[in-house]
Amino acid sequence: VRVEGSRLFNPGWHLARDLKSMLTVSEAVARSALARKESRGAHSRTDFPKTDPEWGRRNIVVARMDDGMRLSDRPLPEPPAELKALLREGEQA
Amino acid sequence: MPEAVLAVFRGMAEGGAPVEYRVPVAPGMVVLDALHYIQGHFAPDLAVRWNCKAGRCGSCSAEVNGRPRLTCKARMDSLPLDRPISVFPMRAFPVIRDLVTDVAWNYEVNRKIPPFTPRPGTDWKMSQADIDRVQEFRRCIECFLCQDVCHVLRDHGKTAQFGGPRFFVRIAGLEMHPLDSVSRTGILKQELGIGLCNITKCCTEVCPEDIRITDNAIIPLKERVVDDYYDPIARFLRKIFGSGKSEN
């Protein structure tokens with residue numbers, strides 16, 4: 001990756017600096033999306049078009065290991081009390 | 001696909017020159033899209049300030065074929081393609097690089113304006129007619145195109161004596177607010193030099209939010225300055241009865 005011009009207000013410079021991190025994040029997003037065998041919000045799969053309540057209780061955690069990325073499940077943390085109250089209100093409405 | 005040639009200013013504070021780029025024109029394309037195409041294909045270091053691409057953030061101001069415009073609202077199909085489309089940075093402000101200018105002076109002017117100041121113990125009830133009147137001024141997205149086009153700033157460089165249309169719009173919104181209690185006519189007359197405006201209406205013409213800057217903001221403020229400083233009868237009556245607003 002190469003950048004032309006000076007460092008002053010150079011969007012190409014920022015893109016070059018960000019590129020490696022953006023590729024890492026893209027890989028994590030793609031791997032997690034493959035693992036999540038359901039559709040939910042903006043995550044939409046034609047092979048699994050329905051929302052699965054089981055996936056609503058889990059988060060996917062991506063960790064960097066020596067040999068690449070490792071995906072694991074973690075139970076969804078308890079939401080704060082005030083948020084829970086709001087969610088209950090939403091379900092009733 | 002039809003092609004357009006864009007002559008985009010490339011350079012720094014020390015100087016620069018337009019560089020021509022050929023860009024394919026897609027339906028619905030705006031000048032900002034063409035600039036992004038140039039960034040993606042020919043010049044990744046082309047400096048352009050932009051955020052929303054929807055005419056709401058006021059970042060992508062430039063001069064397209066000599067007219068101050070938001071590049072995100074300047075449609076390619078509204079421009080003649082038989083000659084190069086010139087894209088230059090706003091001339092009234094110092095260039096940082098390419099299309100990016102230093103607009104910091106505007107924020108310095110802004111700090112001189114006393115903010116909204118309600119009376120202590122204000123009853124927050126307002127009539128809808130009063131709200132409607134100031135709502136127009138609050139549409140401003142601070143793109144500074146009016147500042148760029150204003151000849152007092154652009155051609156005469158009166159940045160030390162003049163505030164510019166943007167800040168007359170802000171002051172109009174405060175002065176006409178039904179619950180505000182401060183008078184800004186002193187600042188308008190002395191520090192922001194509203195008398196230097198000779199109502200050529202260029203600011204109104206370039207405003208992407210269609211704020212009627214001259215008619216609805218500047219002229220009423222000029223009238224207020226006249227009332228406060230040049231009307232002998234009003235001055236006499238104020239001496240006897242007081243002005244109602246505190247002088248700032």
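Buried means that a residue has under 20% relative accessible area. Keep that cut-off in mind as we walk through this structure, which is a predicted model.

## A salt bridge out of sight

By that cut-off, B:D98 is buried, and B:R10 is buried too. These two residues form a salt bridge, with their closest N and O atoms 3.2 Å apart. B:D98 sits in the loop between β6 (95–97) and β7 of chain B, while B:R10 belongs to strand β1 of chain B, so the pair ties together parts that are 88 residues apart in sequence.

How many salt bridges does a search of the whole structure find over all chains? The total is 28. Here are three of them, side by side.

| Salt bridge | Closest N and O atoms | Separation in sequence |
|---|---|---|
| B:D98 and B:R10 | 3.2 Å | 88 residues |
| B:R56 and B:E209 | 3.0 Å | 153 residues |
| B:R91 and B:D155 | 2.7 Å | 64 residues |

The second pair brings two loops of chain B together: B:R56 is in the loop between α1 (31–41) and β3, and B:E209 is in the loop between α8 (202–206) and α9 (213–229). Its partners have contrasting surroundings. B:R56 is exposed, with a relative accessible area of 53%, whereas B:E209 is buried at 10%.

The third pair also links loops of chain B, with B:R91 between β5 and β6 and B:D155 between α5 (151–154) and α6. B:D155 counts as partly exposed, at 47% relative accessibility. Over in chain A, salt bridges that share partners join A:E54, A:R57, A:R58 and A:D73 into one network.

## The nonpolar core

In soluble globular proteins, nonpolar side chains tend to be buried together. The largest nonpolar core here has 66 residues, and the members touching the most others are B:L6, B:V8, B:V31, B:L35, B:I38, B:M76 and B:V87. Helix α6 (residues 165–175) of chain B gives this core its largest share, six residues.

Let's look at one of those well-connected members. Setting aside neighbours within four places in sequence, B:L35 is in contact with seven residues: B:L6, B:V8, B:L46, B:V48, B:T71, B:V87 and B:L99.

B:V87 takes us to strand β5 (residues 85–88) of chain B. Which residues make up the covered face of this strand, and which the uncovered one? The covered face holds B:I85 and B:V87, and the uncovered face holds B:S86 and B:F88. In a regular strand the side chains alternate between the two faces of the sheet.

Strand β5 of chain B has partners too. It pairs with strand β1 (residues 3–12) of chain B in the parallel sense, over three bridges, and here B:V8 stands opposite B:V87. With strand β3 (residues 61–64) of chain B, β5 runs antiparallel, and two bridges join them. In that pairing, B:V64 stands opposite B:V87.

Another residue to find is B:T101, in strand β7 (residues 100–101) of chain B. B:T101 is buried, with a relative accessible area of 3%. Not counting residues up to four places away in sequence, B:T101 touches B:R49, B:P89, B:M90, B:F93, B:P94, B:V95 and B:I96.

## A helix in the open

Is helix α10 (residues 232–241) of chain B largely in the open or largely covered? Of its ten residues, the number buried is zero, so this helix lies largely in the open. One of its residues is B:F236, which is exposed with a relative accessible area of 54%.

The two ends of the helix are also worth a look. At its start, a side-chain oxygen of B:D231 reaches to within 3.0 Å of the backbone nitrogen of B:I233. Just after the helix, B:G242 takes a positive phi of about 85 degrees.

## Chain A and the interface

In chain A, strands β1 (residues 58–65) and β2 (residues 68–75) run antiparallel and are joined by eight bridges. A hairpin of two residues connects them, and A:I60 has A:D73 as its bridge partner.

Where the chains meet, the contact takes twelve residues from chain B and eight from chain A. Together the chains bury about 740 Å², 63% of it on carbon and sulfur atoms. B:P44, B:D45 and B:R97 supply 54% of the area that chain B buries against chain A, more than any other three residues. Across this interface the rule finds zero salt bridges, but three residue pairs are in polar contact.

Terms used. Residues are numbered from 1 along each chain as its sequence is written. Chains are lettered from A and ligands numbered from 1 in the order in which they are written. This is a predicted model: local features need pLDDT of at least 70, side-chain atom pairs count only at pLDDT 80 or more; totals for chains, interfaces and linings use all residues. Side-chain values use heavy atoms; hydrogens and water are left out. A nonpolar core is a set of buried Ala, Val, Leu, Ile, Met, Phe, Trp, Tyr and Cys residues joined through side-chain atoms within 4.5 Å. Buried means under 20% relative accessible area, exposed over 50%, partly exposed in between (1.4 Å probe, protein chains only). Helices (H or I, at least four residues) and strands (E, at least two) are DSSP runs, numbered from the N terminus. Contact means heavy atoms within 4.5 Å. Two strands pair if DSSP finds at least two bridges between them. A polar contact is a pair of N or O atoms within 3.5 Å; within protein, one must be able to donate a hydrogen and the other to accept it, and residues adjacent in sequence count only if both atoms are side-chain atoms. Buried area is the accessible area (1.4 Å probe) that two parts lose on being put together, summed over both. A salt bridge is a side-chain nitrogen of Lys or Arg within 4 Å of a carboxyl oxygen of Asp or Glu.
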